[in-house]
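Trainee: Could you take me through one part of this structure up close? I'd like a connected account, starting from the helix you find handiest to talk about.

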Amino acid sequence: MKKFKSILALAIFGTSLLGADARNVGPIVSDQSTTTNTVYGPVQGYRDGSIYTFKGIPYAKAERFMPPQKPDTHTEVVKHRTYGPKAPQTQLNQTTIWQGNSQSDNDFGFQFVLEPMDENDCLVLNVWTPGLNDGKKRPVFVWFHGGGFHTGSGHDMPCYEGRALAEKGDIVVVTVNHRLNTLGYFDMSKLGGQYSESANLGMQDLVKSLEWVNENIANFGGDPESVTIGGQSGGGGKVSTVMMMPAAKGLFKRAIVQSGSFASQPENIYGELYARALLNELGLKEDDREGLKAVPYEKLVEAANKSTRTVNMTLEKQGVKVPRTMGPVLDGKHIVGPGFENGAPEVSAEVPMMIGWNFNEFDFLNGKEDTMFRDGAIRQASNKAKQGKADVYLYMFNWKPEGNSLGACHGMELPFMFNNIELQPEMTGATKEAYELADKMSSAWIAFIRNGNPNTKGLPTWEPYNDNTSPTMIFDNKCIIRKK
């Protein structure tokens, strides 16, 4: 009977049975003792052993192609015990699993989570914390998910669960969902008027999530003055971009970029052409905001892709080389230069960074080194170090699992730094060596989240990066420092 109650509780509250059993976390409780206040109203989560968990808390609301606003207020206690929906998206990296087609080792290893999508309710975040309303000021780690700027969520991989890291480090972990692809990055601002603030909406969402953390995290046992932002792949690109946003200044103190060192964002010189082409494709007038809101998401994406191709072809015929990607652009207000291409953003000059890449990334099938993110990581670290106002630490992840062909592929470091080996055994093999490395890596991440320096017991001395010796931590069964 006791085992049945445990399984039932885990099913209700969305906690991984495997992870809970492996850690022997004890009973799950959800009552008045797991309730706290936000500036928008009281919320109730649940306690998973020693960790309080809140899922799907709205941090903002937004209409289509409009900037995010503060969420609605409420006086009654709202329960947040299951993950909220993610932003609408095409399931690029998960299609083979969900359509029942042939599965690759990559699909099997990563175990992507099937989640509901909802345009109107996707601006949510999740919180894991060792304490509520206790007056303690724990460091806070805010995680931006990968998937480029097109797909993903704060929980589309099992290892994104923040429980283990919060418990081990006595820190608060927050993961965030935000608008993506056409809804998050199709820039309508060049039309002016009602659309004047529509640039970089997905990035504006992330700033709004940091504002929520700043306003509310103290009641969750966190310190709003000690926030680290981190992300992998597209999430790393989001971290780098947030470092270029004046509105985010002061909302975070440290930054971690994992396999996502995007050097710069383009200027959207032809934004008006793209915006007008989209409206023309949809047969809408400029001031028909209600009509634009009523277009089904799938039709909107199809029209955006078609109109973008049309504009690109026109510009190419004029001799203009225009790489159009659905992502952040330099708009001069929300995102300003310089990026990390030829320097480092002045607005975040005093923010320490940890930057790295994985040895194989996307070339894991051939077992070769993939320099796609390596060169960007080194350039970003070099430019940040030359700025001379904050330390930067460089790493390479080189560990390879036994029994599958993933190698040190793109994302393989995630279960290690989140200390969640048992939540993705298909990926890591859950071997003794994997657990040992996860202990070291998660300790390094916790140390950096706590004080901006990743040095920790069990690792060789990790010096800040400089161009003369290029000290780089190599994470493997034996961790070493590589220098020039």
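Mentor: What follows is a walk around one helix, and then a look at the packing elsewhere in the chain. Keep in mind that this is a predicted model. For a bit of backdrop, the chain has 15 helices and 15 strands, and 58% of its 484 residues count as buried. Of the contacts with a separation of 6 or more, 74% are between residues 24 or more positions apart.

The helix I'd pick is H11, residues 297–317. Its 21 residues reach 30 Å from first C-alpha to last, close to the 30 Å expected at 1.5 Å a residue. Now, which residues of H11 are buried? They are Tyr297, Leu300, Val301, Ala303, Ala304, Ser307, Thr308, Val311, Asn312 and Leu315. Look down the axis of H11 and these buried residues fall within an arc of 165°, so they line one face of the helix. Turn to the face away from that buried side and you meet the exposed residues Glu298, Glu302, Arg309, Met313, Glu316 and Lys317. As for what covers the buried residues of H11, the cover includes helix H6 (181–185), helix H9 (271–282) and helix H10 (289–294). After H11 comes Gly319, with a positive phi near 85°.

Helix H6 gives us a way onward, through an aromatic pair. Phe149 and Tyr185 sit edge-to-face, 5.2 Å centre to centre with 70° between the planes. Phe149 is in the loop between strand E8 (138–144) and helix H5 (163–169), while Tyr185 belongs to helix H6, so the pair ties together parts that are 36 residues apart in sequence. Both Phe149 and Tyr185 are buried. Compare Trp212 and Phe220: their ring centres are 5.7 Å apart and the planes meet at 50°, so that pair is tilted. Trp212 and Phe220 are both buried too. In total the structure holds 16 aromatic pairs, and Tyr393, Tyr395, Trp445, Trp462 and Phe475 make up one aromatic cluster.

Trp212 and Phe475 turn up again in the largest nonpolar core, which has 129 residues. Along with Val142, Val174, Met188, Phe397 and Phe416, they touch the most other members. Helix H15 (residues 432–451) gives the most to this core, with nine residues. If you want one residue to click on, try Val142: beyond its neighbours within four places in sequence, its contacts include Val174, Val176, Leu210 and Ile229. In soluble globular proteins, nonpolar side chains do tend to be buried together.

Key: Residues are numbered from 1 along each chain as its sequence is written. This is a predicted model: local features need pLDDT of at least 70, side-chain atom pairs count only at pLDDT 80 or more; totals for chains, interfaces and linings use all residues. Side-chain values use heavy atoms; hydrogens and water are left out. Helices (H or I, at least four residues) and strands (E, at least two) are DSSP runs, numbered from the N terminus. Buried means under 20% relative accessible area, exposed over 50%, partly exposed in between (1.4 Å probe, protein chains only). Contact means heavy atoms within 4.5 Å. The expected span of a helix is 1.5 Å times one less than its number of residues. The arc is that of the directions from the helix axis to the C-beta atoms. A nonpolar core is a set of buried Ala, Val, Leu, Ile, Met, Phe, Trp, Tyr and Cys residues joined through side-chain atoms within 4.5 Å. Rings of Phe, Tyr and Trp (its six-membered ring) pair if their centres lie within 6.5 Å; planes under 30 degrees apart count as stacked, over 60 as edge-to-face and the rest as tilted.
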